[in-house]
Amino acid sequence: MSLPPFSGVEEFKIKVPIPIVKALILGWRGVPANHEDEVALRIAMGILNNDNSTGYLDKLAVDGKIMESRALNLSMNEAGVVGVLTVPKLLFQSYSGAKKLVMHEIDRVKKGDFSDEVFNSLKLEQKRNYIKNLENIDSRAQKCCLCFLKEKAGMNILMKLRR
């Protein structure tokens, strides 16, 4: 089964019955699991959001420019998805205003506007998270299944992170 063609932009609106709070979700096709760009995309997403809350989208929220924003990357067997959930400030901020701020930060990542220190820090964070997940029996079982089902899936990721 192949995926239907994708024009690059498909928009739709979902109304959630929560008064006052509004949210904007931006989505793109990502890369499938074990794709050569999977690790690079994971690092790029870390530049936007990370465990230390020092990412570009994190900074927008800390500086009070938006209420919250989170980046998500899922790589599945046949396709991947990249998404950004943004909650504009409750009063006086439009969807387009919040989207403009978020897209500016995404463009910074696309242009490579980040330091080597940030890049190396995120590489180490990815390694740490991978090893930390191996300490959890459920995650370890998942990795074993992945390695069995997808030839060297877990090892390919680890080898790319070592570079």
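The legends below describe an overview and several close-up views of a predicted model.

**Figure 1. Overview of the protein chain.** The secondary structure of the chain comprises six helices and three strands. Along the sequence these elements follow the order β-α-α-β-β-α-α-α-α. Of the 163 residues in the chain, 28% are buried. Contacts between residues at least 6 apart in sequence include a 65% share that joins residues at least 24 apart. The exposed surface of the chain comes to about 11,400 Å², and carbon and sulfur atoms supply 60% of this area.

**Figure 2. The largest nonpolar core, with Leu48.** This core has 17 residues, and Leu48, Leu57, Val84 and Val102 are those with the most contacts inside it. At least two core residues come from each of strand E1 (24-30), helix H1, helix H2, strand E3 (80-87) and helix H3. Residues up to four places away in sequence are not counted in the following contacts of Leu48. Leu48 touches Gly55, Tyr56, Leu57 and Asp58, among others. The contacts of Leu48 also include Ala71, Glu105, Ile106 and Val109. Glu105 appears again in Figure 5, where its salt bridge with Arg108 is shown.

**Figure 3. Glu125, a buried acidic residue without a salt bridge.** Glu125 lies in helix H4, which covers residues 116-134. The Glu125 side chain is buried yet has no salt bridge. Which side chain of opposite charge is nearest to Glu125? The nearest is Arg128, at a distance of 4.5 Å. A salt bridge requires the side-chain nitrogen and the carboxyl oxygen to be within 4 Å, so the pair at 4.5 Å does not count as one. With neighbours within four places in sequence left aside, Glu125 is in contact with Asn50, Asp51 and Asn52.

**Figure 4. Asn50 in the loop between helices H1 and H2.** The loop that holds Asn50 runs between helix H1 (38-48) and helix H2 (56-62). Is Asn50 buried or exposed? Asn50 counts as buried because its relative accessibility is 12%, and the cut-off for buried is under 20%. A polar atom of the Asn50 side chain lies 3.0 Å from the backbone nitrogen of Asn52. Leaving aside neighbours within four places in sequence, Asn50 is in contact with Gly55, Asp58, Leu122 and Glu125. Among these contacts, Glu125 is the helix H4 residue shown in Figure 3.

**Figure 5. Salt bridges, three pairs and one network.** A search of the whole structure finds eight salt bridges. Side chains of opposite charge can pair when their charged atoms come close. Lys59 and Asp63 form a salt bridge in which the closest N and O atoms are 3.0 Å apart. Lys59 is partly exposed, with a relative accessible area of 48%, and Asp63 is partly exposed at 41%. Glu68 and Arg70 are joined by a salt bridge with an N to O distance of 3.1 Å. Both partners are partly exposed, Glu68 at 31% relative accessible area and Arg70 at 38%. Asp58, Glu68 and Arg70 are linked in a network of salt bridges; Asp58 is also one of the contacts of Asn50 in Figure 4. The side chains of Arg108 and Glu105 meet in a salt bridge at 3.0 Å, N to O. Arg108 and Glu105 are three residues apart in helix H3 (residues 95-110), so about one helical turn separates them. Within this pair, Arg108 is partly exposed at 24% relative accessibility, whereas Glu105 is buried at 9%.

**Figure 6. Two residues with positive phi, Asn34 and Phe92.** Most residues other than glycine have a negative phi. Asn34 is not a glycine, yet has a positive phi of about 70°. The loop between E1 and H1 contains Asn34, and Asn34 is partly exposed with a relative accessible area of 29%. Phe92 likewise is not a glycine and has a positive phi of about 70°. Where is Phe92 found? Phe92 is found in the loop between E3 and H3. Phe92 counts as exposed because its relative accessibility is 85%, and the cut-off for exposed is over 50%.

Definitions and conventions
Residues are numbered from 1 along each chain as its sequence is written. This is a predicted model: local features need pLDDT of at least 70, side-chain atom pairs count only at pLDDT 80 or more; totals for chains, interfaces and linings use all residues. Side-chain values use heavy atoms; hydrogens and water are left out. Helices (H or I, at least four residues) and strands (E, at least two) are DSSP runs, numbered from the N terminus. Buried means under 20% relative accessible area, exposed over 50%, partly exposed in between (1.4 Å probe, protein chains only). Lys and Arg count as positive and Asp and Glu as negative; His and the chain ends are not counted. Contact means heavy atoms within 4.5 Å. A polar contact is a pair of N or O atoms within 3.5 Å; within protein, one must be able to donate a hydrogen and the other to accept it, and residues adjacent in sequence count only if both atoms are side-chain atoms. A nonpolar core is a set of buried Ala, Val, Leu, Ile, Met, Phe, Trp, Tyr and Cys residues joined through side-chain atoms within 4.5 Å. Accessible areas come from the Shrake-Rupley method with a 1.4 Å probe; for residues, only the protein chains shown count as cover.
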